[in-house]
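Please report on how the helices pack here, where the enclosed and open spaces lie, and which backbone features stand out.

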Amino acid sequence: MQPETAAAPGVRFKMIGSTAVLRIDNPPVNAGSHAVRAGLAEGIARATRQGATAAVLIGAGRCFVAGSDLREFGKPLAPPDLPQVIRLIEEAPFPVVAALHGVALGGGFELALGCDYRLAAPGTQVGLPEVGLGFVPGAGGTQRLPRLAGVARAIELICSPARIPVDVAQGDGLIDRIVTGDLLEGALAFLADAPQPKRRALDLTPPAEAPERIEAAATRALRRGKGRPNVAEAIRLVRASAGQDAAAALAEERAVFQRLRLAEDAVALRHLFFAERRAATVDGLDMTQARRISRVGVVGGGTMGQGIARAFLAAGLPVVLVERDQASLDRAMAGLAAHLDKAVAKGRLSANEAAARRAALTGALEDRALAGCDLGIEAVFEDMAVKQQVLARMEAALPPQAVLATNTSYLDIDEMGATLSDPQRLLGLHFFSPADVMPLLEVVRAQATSDVALATGLRLARDLGKQPVVARVAEGFVGNRIYAAYRRRAELLVLDGASPEQVDAAATDFGFAMGPFAVADLSGLDIAWAMRKRQAPQRDPQARYVAVPDQLCEAGRLGRKTGAGWYDYPDGAPMPSPEVAAMIEAARQEAGIAPKVPDAATIQRQLLAAIVNEAALLLDEGVAQRPSDVDVALTNGYGFPRWRGGPLHWAAAQQEAAVAADQDALRQAVGRGFRAGPVARVLDQIRTEQKG
C-alpha cells in the first residue's frame with residue numbers, strides 16, 4: 001500500500017492496490033475551498049497517470065464536505081471551479097465512489113452526485129441548502145438530483161434547506177449503499193464485489209411522474225420560499241432536467257448561480273450565515289469552562305414552562321417539572337402529554353420517541369425534586385417579587401454547582417440576583433414562544449454572572465439546536481427592547497392616521513412574517529399591558545402616549561385568546577374591527593389630531609427607523625455585543641425577513657441621506673422624550689467592516 005501524500009493542500013492521496021484514495025482534509029468541516037478543488041483535480045489526474053482502476057473520495061475528520069467555502073463567494077471564483085472538477089471525475093477512465101460520513105451539503109453533495117456511486121455511513125445527512133442562502137446549486141445539483149429522484153422530489157429537496165437523513169436519501173435513489181463499520185474498507189469492498197462500470201447521472205432521464213405532482217411541488221416550494229427569485233429559478237432549472245440537452249441545462253444553471261450568488265438576497269443571507277456563528281461566541285470567553293447539562297429542572301408549568309420542558313425533552317434531556325399545587329401540575333402534565341399525542345398523530349414524532357420523552361419527564365410539587373439537576377430555570381409569572389422568591393427556593397434546592405436561570409422577558413436580572421446567596425450562578429435564558437419551535441435564545445449575562453454560567457448557557461443553546469444571542473441586562477434585553485420601540489412607532493402611525501391593517505400590510509409587504517398588530521393579537525395584548533403598567537410611574541406625562549392598547553385590554557380584547565384584540569375574529573380569521581376603529585378615532589379627537597394616511601413606503605421606513613434607532617442605542621449602551629447580533633435576533637425571533645439580512649445590514653445599504661431623513665421624521669413623530677441613537681456611527685462601522 002502506497003503511503004498517503006498530498007495531492008495538493010486540502011487533499012491527501014494514496015493508492016491501495018489499484019484504487020486511488022483521495023482524502024479531503026480541510027478542517028474543521030472540509031469546506032470546498034479552492035485548495036480542495038485543486039487537490040481533487042490533481043488527485044484525479046494523478047490516479048489516471050498511475051493507472052488506477054477506481055477512485056474513492058472520502059473526508060477526513062468529522063464529515064465529507066459541509067459545503068463550499070462561502071468566504072469565496074463574494075469575489076470571482078478561482079479555477080478550477082466545482083463543475084470543472086466534476087467534469088474530470090465524469091471523464092476519468094475509472095469509476096469514482098464518494099464515501100460519505102457526517103454531512104455532505106451544498107457543493108459537497110454536488111461533488112458526490114457527480115461521482116459514479118455514493119456510499120454513506122449510518123447517520124450521514126445530505127442536502128442542497130443553496131436556496132436558503134439566496135442562490136441555487138451551481139455545480140449540477142438541479143440536473144443530477146432530479147434524474148435520480150424525480151423532478152417533484154428534486155423541487156422539494158432543493159427548495160428546502162433541510163438536511164436529508166441517509167436512509168431517506170437511499171430511498172430517493174441518491175445513495176447506493178449504507179456502509180456499517182469502517183467506511184473506507186466498505187468502499188473498497190464495494191469496488192471489489194463486482195466490476196463497477198462508469199455511471200453518469202446526467203445520462204439518466206428523470207423518472208416519469210404526473211405533471212400535477214410536479215405542479216403541486218412547485219406551488220408548495222414557491223409558497224414556502226415567499227416567492228423569492230432564487231426559488232423560482234431553482235424550480236425552473238429542475239424542470240429543465242426533463243429536456244434532452246444536459247450540457248445546455250448545466251450551462252444555464254451555472255449562469256444563474258453566478259448571477260444570484262452576488263445578488264442582494266445572497267449577500268444578505270451570507271451575512272447572516274457568518275453572523276449567526278459569531279453570535280454564539282463571546283470574545284475572551286473560555287468555552288472549555290462550560291458544564292455539561294444532563295438533567296434540568298423547570299419551575300412553572302404554564303404555556304412557557306411547558307414549551308421550555310418540550311425543548312429540553314426534544315434534546316434528550318430528562319426534565320423535572322415543579323408546580324405549586326396538584327391541580328396546576330396535573331394541567332401541565334396533561335398539556336405535555338397531549339402535545340406528544342398530537343405530534344404522534346400528525347406523524348411528526350414516532351410512538352417510541354414520544355414514549356421516551358414521557359419517561360424522561362417527572363412532575364413534582366416539592367423543590368427538593370430539583371436536587372439532581374444541573375440546571376434549574378424558572379418560568380413563573382412576570383413579577384419581580386414572585387421570581388425572587390422562586391429563585392431563592394431553587395437556589396436552596398439545587399446542587400451548589402448547578403446553574404440557575406430565569407426566563408424573564410423584561411425584568412432586571414441584576415435585581416433578581418441581589419437576593420441570592422451566589423448570584424454568579426444566575427443568568428437569563430430567554431426563550432421565545434413556543435419555546436420548542438422558535439430558534440432564538442437570548443442568553444443574558446447579569447452583572448454577577450460567572451464565565452462558567454455564561455459558557456454553560458451558550459453550550460446549552462447549541463445542544464438544544466437554538467440560535468443564541470448574548471445580551472446584557474436592560475429593559476427587554478435586545479429583542480424585546482427593539483420590538484417595543486417598533487410597536488410604539490406602529491401605534492403612533494395609527495394614532496396619526498393609518499389603520500392597524502394598513503400598518504400590518506406594509507410590514508408584511510416589506511417581508512415581515514406578520515405585522516405588529518397581528519403579532520400583538522397572537523401573543524396577547526396583556527403582556528405588553530403589564531409592562532406599560534409597571535413603567536407608568538416613570539413615564540413622562542408630557543410624552544406622546546397611545547392609550548388605545550390599554551383601552552383594548554380594559555375592554556377584555558386581549559387578542560386571539562379572547563376572540564378579539566386589534567382585530568375581530570368572527571371565524572378565526574382577523575377582520576378589521578369597527579369597535580377598534582371607533583376607539584382610535586376617539587383617541588385622535590382627544591389629542592386634536594387631524595389624521596393623515598401615510599403610504600406603505602412611509603410606514604415601512606418609519607417602522608425600520610424605530611428599529612434601527614433603538615438598536616443603535618442599545619449597542620451604544622453595551623446591551624448587545626455587536627451590530628450583527630441585532631440582525632441575528634430580529635431574523636430568528638421577530639419575523640424580520642432573512643433575505644434582507646437583518647435591520648442593520650439593511651440600513652447600512654441605504655443612502656445615508658435617506659436614513660438621516662427617516663431618523664428626523666421619527667424624532668418629530670415621537671416628540672418629547674425621544675432619544676436619538678448614534679445611527680450614523682453604527683452604520684459607518686458596519687460599512688467599514690463590510691469593506692474589510
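How do the residues of the lining of the largest cavity divide into nonpolar, polar and charged? Seven are nonpolar, one is polar and one is charged. The model is predicted, and the account below starts from that cavity.

## Cavities

Two cavities of 30 Å³ or more turn up in a search of the whole structure. The largest has a volume of about 50 Å³. Its lining consists of Leu608, Ala609, Val612, Trp650, Ala651, Val659, Asp662, Gln663 and Val679. Three helices each supply at least two of these residues: H24 (600–620), H26 (647–652) and H27 (656–670). Gln663 is the polar residue and Asp662 the charged one.

The second largest cavity has a volume of about 30 Å³. Glu491, Val494, Leu495, Val546, Val548, Trp566 and Ile584 line it. Helix H18 (residues 479–496) provides the largest share of this lining, three residues. By class, the lining has six nonpolar residues, no polar residues and one charged residue.

## The second largest pocket

The second largest pocket has a volume of about 1,100 Å³. Its lining counts 33 residues. Nearest the centre of the pocket lie Arg488, Gln535, Glu614, Val670 and Gly673. Elements giving two or more residues to the lining are H18, helix H21 (525–535), H24 and H27.

H18 gives the most, with nine residues. H18 also serves the second largest cavity, with three lining residues. H24 and H27 likewise recur, since each supplies at least two residues to the lining of the largest cavity. The pocket lining divides into 14 nonpolar, five polar and 14 charged residues.

## H8 and its two partners

Two packed helices are described by the angle between their axes and the distance between the axes. Helix H8 (residues 211–224) packs with helix H9 (residues 229–240) at an angle of about 160°, and the axes are 9 Å apart. H8 is therefore roughly antiparallel to H9. Their crossing is right-handed. On the H8 side, the contact uses Ile214, Glu215, Ala218, Ala221 and Leu222. On the H9 side it uses Val231, Ala232, Ile235 and Arg239. The contact has seven nonpolar, no polar and two charged residues.

Helix H5 (residues 151–158) also packs with H8: the axes come within 8 Å and cross at roughly 10°. H5 is therefore roughly parallel to H8. Val151, Ala152, Ile155 and Glu156 of H5 meet Arg213, Ile214, Ala217, Ala218, Ala221 and Arg224 of H8. This contact divides into seven nonpolar, no polar and three charged residues. Ile214, Ala218 and Ala221 of H8 take part in both contacts.

## H12 and H13

What is the crossing angle of helix H12 (residues 303–314) and helix H13 (residues 326–345)? The axes cross at roughly 50° and come within 10 Å. H12 is therefore oblique to H13. The crossing is right-handed.

H12 brings Gln306, Ala309 and Arg310 to the contact. H13 brings Arg331, Ala332, Gly335, Leu336 and His339. Three residues of this contact are nonpolar, three are polar and two are charged.

## Backbone features

Which residues does a cis peptide bond with omega of about 5° join? That bond lies between Pro27 and Pro28. Pro28 sits in the loop between strand E3 (19–24) and helix H1 (34–49). Another cis peptide bond runs from Pro79 to Pro80, with omega near 0°. Pro80 belongs to the loop between strand E4 (54–59) and helix H2 (82–91).

Lys226 is not a glycine, yet it has a positive phi of about 55°. Where does Lys226 lie? It is found in the loop between H8 and H9. That loop links the helices that pack at about 160°.

Note on methods: Residues numbered from 1 in each chain as written. Predicted model: local features only at pLDDT ≥ 70, side-chain atom pairs only at ≥ 80, totals over all residues. Heavy atoms only, no water. Axes fitted to C-alpha atoms, helices over the stretch in contact; angles between N-to-C directions. Helix = DSSP H or I, 4+ residues; strand = E, 2+ residues; numbered from the N terminus. Parallel < 35°, antiparallel > 145°, perpendicular 65-115°, else oblique. Left-handed = near helix turned anticlockwise from the far one by under 90°. Contact = heavy atoms within 4.5 Å. Nonpolar A, V, L, I, M, F, W, Y, C, P; charged D, E, K, R; others polar. 1 Å grid on protein atoms, 1.4 Å probe; cavity = no way out; pocket = protein on both sides within 12 Å on 5 of 7 lines; lining within 4 Å. Points joined across faces, edges and corners; volume = space filled by probe spheres on them.
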